[in-house]
Amino acid sequence: MDSKSNLYKVKDLSLAAAGKLRIEWAESRMPVMMALREKYRKTKPLKGYRIAGCLHVTKETAVLVKTFVEAGAEVSWSGCNPLSTQDDIAAALAAQGISIYAWHGMNVDEFYWCIEESLKFKPNLTLDDGADLIFTVHNKHQELIPTVIGGTEETTTGVHRLRAMAKDGALKYPVIAVNDAETKWDFDNVYGTGQSTLDGILRATSVLLAGKNFVVAGFGHCGKGVAIRAKGLGANVIVTEVKPTAALKATLEGFRVMTMDEAAKVGDIFVTATGVKDVIVDRHFKVMKDGAIVCNTGHYDCEINLKHLAKMKKRVRTVRSDNEEYLMKDGRRIYVLAQGRLVNLAAAEGHPSEVMDMSFANQFLSQLRLAEFHHKGQKLENKVYDISTQQDQEIAGIKLATMGYKIDRLTMEQVRYQSDYSAGT
Ligand code: 3DD
């Protein structure tokens with residue numbers, strides 16, 4: 001462990017050079033972020049703002065952090081999952097003077113210690129992925145609340161938590177729901193989760209997906225992405241759901257739909273993507289085939305009930321990195337990936353840079369928007385705000401341009417027609 005008293009705590013600073021190279025790789029594939037960095041590096045509109053961030057420490061997050069710093073912000077950072085920090089990236093950020101507290105494989109006490117450390121510089125902006133930092137501020141550091149202008153939230157689960165807090169009147173400062181931006185949700189959650197989840201499964205198992213019964217629990221944006229990508233690799237995809245409309249969509253996409261009780265008997269690989277707890281429990285483990293592989297791609301590790309599995313096992317051993325073999329009393333073996341935590345970030349590198357480019361452009365512009373409101377003396381309500389449609393279209397437009405695409409524009413006549421309700425048949 002390398003640490004300076006008040007700057008950072010990372011696993012191994014000597015990994016910094018390798019991390020720097022991987023950050024450069026991400027920068028070469030995040031043209032929207034680099035355009036924003038170029039746009040604001042001179043004016044530094046975030047000067048005087050201190051952002052405490054709690055978000056997976058990956059090469060893409062490093063690009064976001066460096067862009068905040070280039071725009072004038074001070075940043076203090078922790079990872080939002082005990083298994084998702086990439087230690088070379090954390091080392092590279094620490095070596096570049098970023099205050100960062102994160103390492104791969106921390107326990108839950110260390111996880112919250114890191115958040116507490118990142119709060120010591122008294123942030124006036126917060127940034128979350130899963131709402132653990134903002135929840136810590138609200139529950140253990142109310143003294144910080146008067147100086148916090150607002151926050152942003154990256155993921156579906158975190159936005160759910162914050163909307164519930166706001167409904168209860170418990171939210172004490174405004175938050176922007178980055179997750180709900182079209183340029184995040186429709187891209188990161190679908191294409192990012194789709195590819196990175198399979199990446200995690202393949203790194204932890206190297207199994208053939210073609211021909212396998214591949215069970216996806218949850219057909220929201222994330223589950224749909226995973227199902228479509230697995231189908232692309234030749235898997236026989238089965239979807240389980242609790243929401244009739246989502247299940248119906250899955251059938252129309254050509255996937256088999258059944259209950260988990262039924263799927264558990266035939267599945268070879270299971271992925272949970274529901275955001276709900278206890279999706280796979282003891283009665284499912286009881287009927288699973290010998291050699292079944294189980295993993296989760298939801299934000300928290302509550303979807304697979306490992307306490308149930310532990311009670312049913314004869315012994316458990318690590319057979320590959322991020323891959324534990326549970327030997328059952330009847331001789332069957334069940335393989336759990338990444339200790340039931342989100343497999344795409346714990347066993348791989350998370351979503352590709354190209355989709356995080358837009359997610360993080362929303363993070364950057366949302367933090368900037370909070371700072372600009374503050375600068376103008378405009379007070380926001382203590383509620384969860386959506387991203388503006390204008391911001392979504394702006395980000396998508398920059399992305400298209402960097403990909404070399406040109407699109408049509410509405411003529412004035414067409415704009416008039418759209419609002420001319422008298423124009424009928
Ligand atoms: N997430 C997925 N891949 C990531 C990456 N490469 N860097 C940072 C974070 C990453 C998770 C979140 O962006 C988001 O998809 C979520 O909803 O949690």
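Start by selecting F270 and V294: in this predicted model, V294 of strand 13 is the bridge partner of F270. Now widen the selection to the two strands. Strand 12 and strand 13 (residues 292-296) run parallel and are joined by four bridges.

Stay on F270 and look across to strand 9. There, V215 stands opposite F270. Strand 9 and strand 12 (residues 269-272) pair over four bridges, again in the parallel sense.

**Strand 9, up close**

Select residues 213-217 and show the side chains. How many of the residues of strand 9 are buried? Five of its five, so you are looking at a strand that is mostly covered, given that buried means under 20% relative accessible area. Next, check which way the side chains go. N213, V215 and A217 point one way, F214 and V216 point the other way, and all are buried. The background here is simple: in a regular strand the side chains alternate between the two faces of the sheet.

Now go to V216 and find its bridge partner in strand 10, which is V239. Strand 10 (residues 236-240) runs parallel to strand 9, and five bridges join the two. To see how the chain gets from one to the other, add residues 221-232 to your selection. That is helix 9, and the chain passes through helix 9 on its way from strand 9 to strand 10 in a right-handed β-α-β crossover.

**The whole sheet**

Zoom out and colour by strand. Eight strands form an open sheet with mixed pairing, in the order 11-10-9-12-13-16-15-14. Which strands stand at the edges? Strand 11 (256-257) and strand 14 (313-320) do; each has a single partner strand, so one side of each is left without a neighbour in the sheet. As a reminder, strands of a sheet pair through backbone hydrogen bonds, either parallel or antiparallel.

**A stop at the loop after strand 14**

From strand 14, step along to D322, in the loop between strand 14 and strand 15 (323-328). Check the backbone: phi of D322 is near 65°, a positive value in a residue other than glycine. That deserves a glance, since most residues other than glycine have a negative phi, and most peptide bonds are trans. D322 is partly exposed, at 26% relative accessibility.

While you are in this stretch, select R317 and E325. The two form a salt bridge, with the closest N and O atoms 2.6 Å apart. Is each partner buried or exposed? E325 counts as buried at 3% relative accessibility, whereas R317 counts as partly exposed at 43%.

**More salt bridges**

A search of the whole structure finds 28 salt bridges. For a pair that links distant parts of the chain, pick E349 and R203: E349 sits in the loop between helix 14 (343-346) and helix 15 (353-375), R203 lies in helix 8 (residues 182-205), and 146 residues separate the two. The closest N and O atoms of this salt bridge are 3.1 Å apart. Both ends are partly exposed, E349 with a relative accessible area of 23% and R203 at 40% relative accessibility.

Try another pair: R283 and D261. Their side chains meet in a salt bridge at 2.7 Å, N to O. R283 belongs to helix 12 (residues 282-287) and D261 to helix 11 (residues 260-266), 22 residues apart, and this pair too links distant parts of the chain. R283 is partly exposed, with a relative accessible area of 46%, and D261 counts as partly exposed at 34%.

**Two helices and a loop**

For the last stop, select residues 31-40 and 59-70. These are helix 2 and helix 3, whose axes come within 9 Å and cross at roughly 10°. Angles under 35 degrees count as roughly parallel, so helix 2 is roughly parallel to helix 3. Their crossing is left-handed.

Finally, follow the chain out of helix 2 to K44. This residue is in the loop between helix 2 and strand 3 (50-54). What is the phi of K44? It is positive, about 45°, although K44 is not a glycine. As for accessibility, K44 counts as partly exposed at 33%.

Conventions: Residues are numbered from 1 along each chain as its sequence is written. This is a predicted model: local features need pLDDT of at least 70, side-chain atom pairs count only at pLDDT 80 or more; totals for chains, interfaces and linings use all residues. Side-chain values use heavy atoms; hydrogens and water are left out. A salt bridge is a side-chain nitrogen of Lys or Arg within 4 Å of a carboxyl oxygen of Asp or Glu. Buried means under 20% relative accessible area, exposed over 50%, partly exposed in between (1.4 Å probe, protein chains only). Two strands pair if DSSP finds at least two bridges between them. A crossover is right-handed if, with the strands pointing away from the viewer, the path from the first strand over the helix to the second runs clockwise. Axes are lines fitted to C-alpha atoms, for helices over the stretch in contact, and angles run from 0 to 180 degrees between N-to-C directions. Angles under 35 degrees count as roughly parallel, over 145 as roughly antiparallel, 65 to 115 as roughly perpendicular and the rest as oblique. A crossing is left-handed if the near helix is turned anticlockwise from the far one by less than a right angle, and right-handed if clockwise.
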